[in-house]
Amino acid sequence: MSTPTVDSEFSFELLVCRWAELGWHPTAASSDGADGAPVIVSRQLGTQRRRWDTIVIECDPAGLAARREFGDRAIDGELLPIVRHAPAEWAYYRDALPDPGYPWRYVREAIHRAAARGLVEKRKNGNRIEIRRKRPYPDWVRRIVAVENKPDLDASAAAALSDQLEHDVETALADEVWLATGRTGDRVEPALLRQFPVEAGVLTFDFAGPGVDADAATVDWLPSELDAAAPSERFDAAEKARRRRLIAERAYGKGWRSITETMRPDCRWFEVARAGRGIVPVCGAKGRCQTESECSSRCGSFEPEPPQWRTKGWPIDGGPGQGVRELLERRRERARRR
Ligand code: SF4
């Protein structure tokens, strides 16, 4: 299939994620993290109130290597305090862990879960549960960067976005905030830029034609570093740190290629197409990049792929669902191990 027209926010977002993997940080000469450090890229994560389109986690290389020892799955909010505070020597769990602020019986359940995943060790001592760490949980996150994607930045989109970016700057949950938009040939109009908080950076992309590579972004406005360690109106410093750790964990577990878990690669019309060094889903029935929400079991054009396709060892382009899933899973795995 020829390079698809990137005609939805969804496919634009996937290509921004791929670019971030190839070209982060946009102002650095290096194409592999701000100073050669690895990055983990994910999408559609944040807090209940605010979900970011693209998230870039800049990682400490040694910390990331140590994090990998805990496996590929995210460590969730119940498990993380246990993993972080489990002592080097056996100890009664209530002595070792911080007060959870909810009944301890939930902590006991989480300890069983953490032990079953091999994250910590547990044993019974009389009728007491004791825990011990297997390895220290590392400080693997250096910075968290949020990117809001809006390929078509007209005046009404800019107005809606400015509130969201204001919120991001105020809460400073991320260290840096960017807006990513389509390149029109003109620079982003100054009138539009004026609507955004000056702390937010602006990136422009042109994915038409060559698709995505490490040089696909132009920096139109540089962001300011936010004080992610300071308390904000909404969170004290400890709560902010806790939320940042959870966002980083979820990004680590999810990556950005988890689309096959929500879309329908088992539909006969589901294909993937190359766009430079990225790939985007394409719907053969619609003749375009479909959105994540329309490619669901509610789609009126859904047709299951014929069973005989599954035995063919289909190629990457236009392959059956399982092939697409495996391809994206392999790439997600490779991204974690860079
Ligand atoms: S027909 Fe519907 S379910 Fe099938 S690939 Fe297209 S959008 Fe997805």
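**Exercise 1. Which residue in β7 is the bridge partner of V145?**

Before the solution, two notes on reading the model are needed. Residues are numbered from 1 along each chain, following the sequence as written. The model is predicted, so that local features need pLDDT of at least 70 and side-chain atom pairs count only at pLDDT 80 or more, while totals for chains, interfaces and linings use all residues.

Solution. Begin with the elements: helices (H or I, at least four residues) and strands (E, at least two) are DSSP runs numbered from the N terminus, and two strands pair if DSSP finds at least two bridges between them. Strands β6 and β7 run parallel and are joined by six bridges, and within β7 the bridge partner of V145 is E176. On the other pairing of β6, strand β2 (residues 51–59) runs antiparallel to β6, again with six bridges, and here V56 stands opposite V145.

**Exercise 2. Describe how β6 is enclosed, and which unit β6 makes with α6 and β7.**

Solution. Start with burial: a residue is buried if 20 or more other C-beta atoms lie within 10 Å of its own, exposed if 12 or fewer, and partly exposed in between, with C-beta atoms placed from the backbone. Seven of the 10 residues of β6 (residues 141–150) are buried, so this strand is largely enclosed by the rest of the structure. Next, β6, α6 and β7 make a right-handed β-α-β unit, where right-handed says that, with the strands pointing away from the viewer, the path from the first strand over the helix to the second runs clockwise.

**Exercise 3. Work out how β10 and β11 are arranged, and whether the faces of β11 are buried or exposed.**

Solution. Strands β10 (residues 270–275) and β11 pair in the antiparallel sense over six bridges, with A275 opposite G278 of β11. The two strands form a hairpin with two residues between them, and G276 in the turn has a positive phi of about 65°. Turning to burial, six of the six residues of β11 (residues 278–283) are buried. One face carries G278, V280 and V282 and the other I279, P281 and C283, and both faces are covered.

**Exercise 4. Find what surrounds the ligand, and sort the shell by class.**

Solution. Taking a residue as near a molecule if its C-beta atom, placed from the backbone, lies within 6 Å of it, one finds 13 residues around the ligand, of which the closest are C267, C283, C295, C299 and S301. To sort them, count Ala, Val, Leu, Ile, Met, Phe, Trp, Tyr, Cys and Pro as nonpolar, Asp, Glu, Lys and Arg as charged, and the others, Gly among them, as polar. The shell then has eight nonpolar, two polar and three charged residues.

**Exercise 5. Locate the backbone values at H25, Q44 and A172.**

Solution. As background, most residues other than glycine have a negative phi, and most peptide bonds are trans. The peptide bond from W24 to H25 is cis, with omega near 5°, and H25 lies in the loop between α1 (9–23) and β1 (39–46). Q44, in strand β1, has a positive phi near 55°, and Q44 counts as partly exposed, with 17 C-beta neighbours inside 10 Å. A172, in the loop between α6 (155–171) and β7 (176–182), has a positive phi of about 50°, and A172 is buried because 22 other C-beta atoms lie within 10 Å.
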